[in-house]
Amino acid sequence: MQRAARPLAFESKIACGTRSFRIGMHGDTMRLLDGDAAYDLREVPASAGSRLEAVGDPATFVQTEGRQARVGVRGVVYADCS
């Protein structure tokens, strides 16, 4: 048996065309979920809006400005997300 994943607190969905991601709090850490993959995020400086990057992997990120977002997962960038 495998332990069930703990749900994220304050979870939000990010829709990027046919792709969908979830972001929320996991304990004291912001986390991005891409299917079964989970990435712990930290806030980093951004030229505009807000940017969260995966710890140790700046190519995995969530960047928001207003209601628009961009999501990068291991270097693949999804734009025009909401």
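Contact here means that heavy atoms lie within 4.5 Å, and the legends below use the word in that sense for a model that is predicted.

**Figure 1. Surroundings of Ser-50 in strand S5 of the predicted model.** Ser-50 belongs to strand S5, which covers residues 50-54. When residues up to four places away in sequence are not counted, Ser-50 touches Glu-43, Val-62, Gln-63 and Thr-64. The relative accessible area of Ser-50 is 28%, and because the partly exposed class lies between the limits of 20% and 50%, Ser-50 is described as partly exposed.

**Figure 2. Ser-50 and Ala-38, shown as a pair of C-alpha positions.** Ser-50 and Ala-38 are twelve residues apart along the chain, and their C-alpha atoms are separated by 20 Å.

**Figure 3. Surroundings of Thr-60 in strand S6.** Thr-60 has its place in strand S6, made up of residues 57-65. With a relative accessibility of 0%, Thr-60 counts as buried, because that term applies to residues under 20% relative accessible area. Once neighbours within four places in sequence are left aside, the residues in contact with Thr-60 are Leu-32, Tyr-39, Leu-52, Glu-53, Ala-54, Gly-72, Val-73 and Arg-74. Among these partners, Leu-52, Glu-53 and Ala-54 fall in the residue range 50-54 of strand S5.

**Figure 4. Thr-60 and Pro-45, shown as a pair of C-alpha positions.** Thr-60 and Pro-45 are 15 residues apart in sequence, and the distance between them, taken from C-alpha to C-alpha, is 15 Å.

**Figure 5. The whole chain, as a setting for the close-up views.** The chain contains eight strands and zero helices, and its pattern, read along the sequence, is β-β-β-β-β-β-β-β. The radius of gyration of the chain is 12 Å, close to the 12 Å given by the globule rule for 82 residues, so the chain is as compact as a globular protein of that length. The C-alpha trace spans about 45 × 25 × 25 Å along its principal axes. Of the contacts between residues at least 6 apart in sequence, 17% join residues that are at least 24 apart.

**Figure 6. Burial, surface and charge in the chain.** Of the 82 residues in the chain, 33% are buried, and Thr-60 is one that counts as buried. The accessible surface of the chain comes to about 5,600 Å², and 49% of this surface belongs to carbon and sulfur atoms. The chain carries 11 positive and 10 negative charges, whose mean positions are 4 Å apart.

How values were computed:
Residues are numbered from 1 along each chain as its sequence is written. This is a predicted model: local features need pLDDT of at least 70, side-chain atom pairs count only at pLDDT 80 or more; totals for chains, interfaces and linings use all residues. Side-chain values use heavy atoms; hydrogens and water are left out. Helices (H or I, at least four residues) and strands (E, at least two) are DSSP runs, numbered from the N terminus. Buried means under 20% relative accessible area, exposed over 50%, partly exposed in between (1.4 Å probe, protein chains only). The radius of gyration is taken over C-alpha atoms; the globule rule is 2.2 Å times the number of residues to the power 0.38. Accessible areas come from the Shrake-Rupley method with a 1.4 Å probe; for residues, only the protein chains shown count as cover. Lys and Arg count as positive and Asp and Glu as negative; His and the chain ends are not counted. The place of a charge is taken as NZ of Lys, CZ of Arg, CG of Asp or CD of Glu.
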